[in-house]
Amino acid sequence: MINSSNGMMSASSSSSAAGAGGNAPSPGLKTYFKAPEGRYKLHYEKGHPSGLMHYVQGKTATQATVAIVKDKPSPPTPLSQPSSGFSASSGVKSAAAKLLGGSNGSRTFGFVGGNGGSKNLSGSSKLGPFSSNSTNSNLALNFDGKGTYLIFNMGDGLFISDLNSQDKEPMKAIYFNNVYPVCHAFDQDAKDGHDLLIGLSTGDVYSVSLGQQLQDSGKKLVGAQHYNKDGSVNNSRCTCISWVPGGDGAFVVAHADGNMYVYEKSKEGAGDSSFPAIKDPTQFSIAHARHSKSNPITRWHTCQGSINGIAFSSDGTHLATVGRDGYLRVFDYPKEELICGGKSYYGALLCCAWSADGKYILAGGEDDLVQIWSMDDKKVVAWGEGHNSWVSGVAFDSSWSPPDTENSEQIVYRFGSVGQDTQLLLWDLQMEEIVVPQRRPPGGSPTFSSGSQTAQWDNATPLGTLQSAPSMRDIPKISPLVIHRVHTEPLSGLIFTEESILTVCREGHTKVWMRPGTPASQGSSNSETPLSTSLKDKPLLSSIK
Amino acid sequence: MLLFVSQDAHEFLIFLLNELVDILEKEVQAAKDDTESSSLPPERTTNGSKVTQADDIHKEPLVTWVHKKFQGILTNETRCLRCETVTARDEIFLDLSLDIEQNSSITSCLKNFSSIETLNADDKFFCDKCCSLQEAQKRMKIKKPPQILVIQLKRFNYIEQLGRNKKLSYRVAFPLELKLIDYVEEADAVYSLFAVVVHMGSGSSHGHYVSLIKSHHHWLFFDDENVEMIDESAVQTFFGSAQEYSSNTDHGYILFYERDVTNNHD
């Protein structure tokens, strides 16, 4: 049964997060956890609207994106003004107004033509979706463009929450009527209005302006540019979508059939591209569109089976993919070349992420391991062991810095992982401490050497070679610093922000864990005392100050 | 099913395998009697060296295709905490029954199966060297993984407070690919999932069985006389329920993994 009505955090309550331990569906969930640097505290929770039908559960796993909307040079005008006032992007048209009228029309938000302009709702009727139990429509009307938003999908809905508000229910819901939005991406540096990408279960892709959605009071996507309409280029499910960093409006969509497509949103999109048939499905191949005016512009056939995750290095030069076949692949994105990659221990890989400096990639999957791939060594340098089920989300914490960096030469990375075991794990990666078990004849006594020595042997690997699965005894293991059960449902993702860690479960709930030292995390709460039975091991670090 | 009493699919599987062995043994025995009467050398399958290591087998066993396909060897290692002597005893198995936990994976269940258990208090170990009951550490290790690995998830547990069996609807993720360390071959045994017996229903004494079987690279869903093709990703819908009292009552119960002979690397 869906548990959305239990009100884990009521919208008006303070930061005490007292409810998480006491509500029926969350037995034994603690509202804080401790790391060496201090205590992370559950600040609040974000969910989907309570009325959402549970039949959609299990159809898709919720993914979440944090969208930081900065000051725009030309802030959008509030919706209460006539349509002519909207100026967030070029080409405002009011032609879509009639399409948005019907409340039950299927996919009437659909993009009408091929000329790529944004469309705005010209009518002033506010048949708000929040008429029943929410005051959130006010937020939408007062929207001034700035803010930090949480965007997440659940069933056939895409939801937007104000991350700085305590409201549990989203401020905005967009429904897609029987097709499922499954992935999304936001570009805070988008030059024109379209900053949000949405990939659907049908393979269709939309680009929209987030601000425009927030201004609109309807339940439909507005002003959307529609790509791969009705799956005309590729009708397999979208699995992952990403803007190309510094790509000037280019974005990449990965599909469940092992293909990735590159689009350019600046294109007028006069028609869908056609690509030659894939000659050898087992081999990586690139195909460029025959016509320069069409979208998508490039097809990357990467693997057989689904691509489950893609991630760009922060400079946009490298693209990592993981998939059903269990391989992590790293591409030189501008050159369109496969550089390196390797197999999981076993099973599909589900997620991947880059370190901010582009030196390491995390990948997690169905072998319950977090693998740490070194771009210097072009191989797996460590396995993180600690999850009791599949690893569904990995991320480096780019805001984290080790306690005394001045004295220490070595770089330490902090990263996190979440799994279908409902747990969040935090890890420190410190390469000097990782010891590689040396290959030895069976029965011999174990001897150890440092990782850099063994790495030299493997440097001769030719470009683009995919490595087979390592043997269990060849890869050093690291253990997590923190193991914390955060939800009752399997998790699907985690996001590090400057102030917090967000954990996302498959069924559409997100928890916001404030970092130690942030004001919210220090708010003393008596409610934690009944839960603190297992906290005997370490002294508190943060809240004693 | 026309049966008035619902039967357990795992019990049936074990019954079937044992019955097959019986039939095959009788056939060989009959053939042997025939050949002996005609004074020809006995014809039998004799590559059972692995099996004869097992202490449980006293008579010289007949190795049937059932054994070749399904039989593996477990090592029960016990280390006396006083004298540190390790006692290892091999046991053969046709399937593994795994305890399950909520929101876990087969990998995790297998890890727990092989985890170290301390024998103490009322459950001490009689050490032959110390000639007395001692505290000890015990661990089950899969020494020789079988060709076909059959895993039963212990979803039907007797609950003392209720006085009856209760079905555990726990979500247990089973990967399409799995590995076990083969201590005989000194390598990882790679397995692929090829069949799942699914129990449908919330109770332990009733319900319905369906199965998922991979055939010629396609997954088929068998429900009595209905057979349909399903997408590989649909296998995940039979993992179980992440929370109790879910409307989803279709749960993977017996998993069949086949060892991948082509993919055995060091």
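The exercises below work through confidence, fold content, aromatic pairs, charges over rings and cysteines in a predicted model.

**Exercise 1. Establish how confidently chain A is predicted, and where the pLDDT falls below 50.**

Step 1. Begin with the chain as a whole: the mean pLDDT of chain A is 76, and 68% of its residues score at least 70.

Step 2. Turn next to the elements of chain A, among which strand 17 (residues 318–323) has the highest mean pLDDT, 98, while strand 28 (residues 448–450) has the lowest, 38.

Step 3. Then consider two stretches of chain A: residues 1–25 have a pLDDT below 50, and this stretch makes 56 contacts in the model beyond near neighbours in sequence. Residues 440–459 of chain A also have a pLDDT below 50, with 22 contacts in the model beyond near neighbours in sequence.

**Exercise 2. Describe the secondary structure, burial and surface of chain A.**

Step 1. Count the elements, which for chain A gives four helices and 34 strands.

Step 2. Assess burial: chain A has 545 residues, and 58% of them count as buried.

Step 3. Examine the contacts of chain A with a separation of 6 or more, of which 60% are between residues 24 or more positions apart.

Step 4. Finish with the accessible surface of chain A, about 21700 Å², to which carbon and sulfur atoms contribute 50%.

**Exercise 3. Classify the aromatic pair of A:F176 and A:Y206, and decide whether each residue is buried or exposed.**

Step 1. Place the pair in context: over all chains, the structure contains 27 aromatic pairs.

Step 2. Apply the geometry: the ring centres of A:F176 and A:Y206 are 6.3 Å apart and the planes stand at 45°, which makes the pair tilted.

Step 3. Locate the partners, which link distant parts of the chain: A:F176 belongs to the loop between strand 6 (172–175) and strand 7 (181–186) of chain A, and A:Y206 to strand 9 (residues 205–208), 30 residues apart.

Step 4. Check accessibility: A:F176 has a relative accessible area of 0% and is therefore buried, and A:Y206, at 1%, is buried too.

**Exercise 4. Repeat the analysis for B:Y209 and B:Y253.**

Step 1. The ring centres of B:Y209 and B:Y253 lie 6.3 Å apart with 20° between the planes, so this pair is stacked, because planes under 30 degrees apart count as stacked.

Step 2. This pair also links distant parts of its chain, with B:Y209 in strand 15 (residues 208–215) and B:Y253 in strand 18 (residues 250–259) of chain B, 44 residues apart.

Step 3. The accessibilities are 24% for B:Y209, which is therefore partly exposed, and 1% for B:Y253, which is buried.

**Exercise 5. Identify the members of an aromatic cluster in chain A, and find charged residues that lie over ring faces.**

Step 1. One aromatic cluster is formed by A:F284, A:W300, A:F312, A:F331 and A:Y333.

Step 2. In chain A, A:R39 lies over the face of A:Y32, 4.1 Å from the ring centre. In chain B, B:K141 lies over the face of B:Y183, 4.3 Å from the ring centre.

**Exercise 6. Determine how many disulfides the structure holds, and examine the surroundings of A:C238.**

Step 1. Over all chains, the structure holds zero disulfides.

Step 2. For A:C238, the nearest cysteine sulfur is that of A:C183, at 5.0 Å, and A:C238 is in no disulfide; the cut-off to compare is 2.5 Å between sulfur atoms.

Step 3. Add accessibility: A:C238 is buried at 1%, and B:C109 is buried with a relative accessible area of 3%.

Conventions:
Residues are numbered from 1 along each chain as its sequence is written. Chains are lettered from A and ligands numbered from 1 in the order in which they are written. This is a predicted model: local features need pLDDT of at least 70, side-chain atom pairs count only at pLDDT 80 or more; totals for chains, interfaces and linings use all residues. Side-chain values use heavy atoms; hydrogens and water are left out. Rings of Phe, Tyr and Trp (its six-membered ring) pair if their centres lie within 6.5 Å; planes under 30 degrees apart count as stacked, over 60 as edge-to-face and the rest as tilted. Helices (H or I, at least four residues) and strands (E, at least two) are DSSP runs, numbered from the N terminus. Buried means under 20% relative accessible area, exposed over 50%, partly exposed in between (1.4 Å probe, protein chains only). A charge sits over a ring if NZ of Lys or CZ of Arg is within 6 Å of the ring centre and within 35 degrees of the ring normal. pLDDT is the predictor's confidence in each residue, from 0 to 100. Contact means heavy atoms within 4.5 Å. Accessible areas come from the Shrake-Rupley method with a 1.4 Å probe; for residues, only the protein chains shown count as cover.
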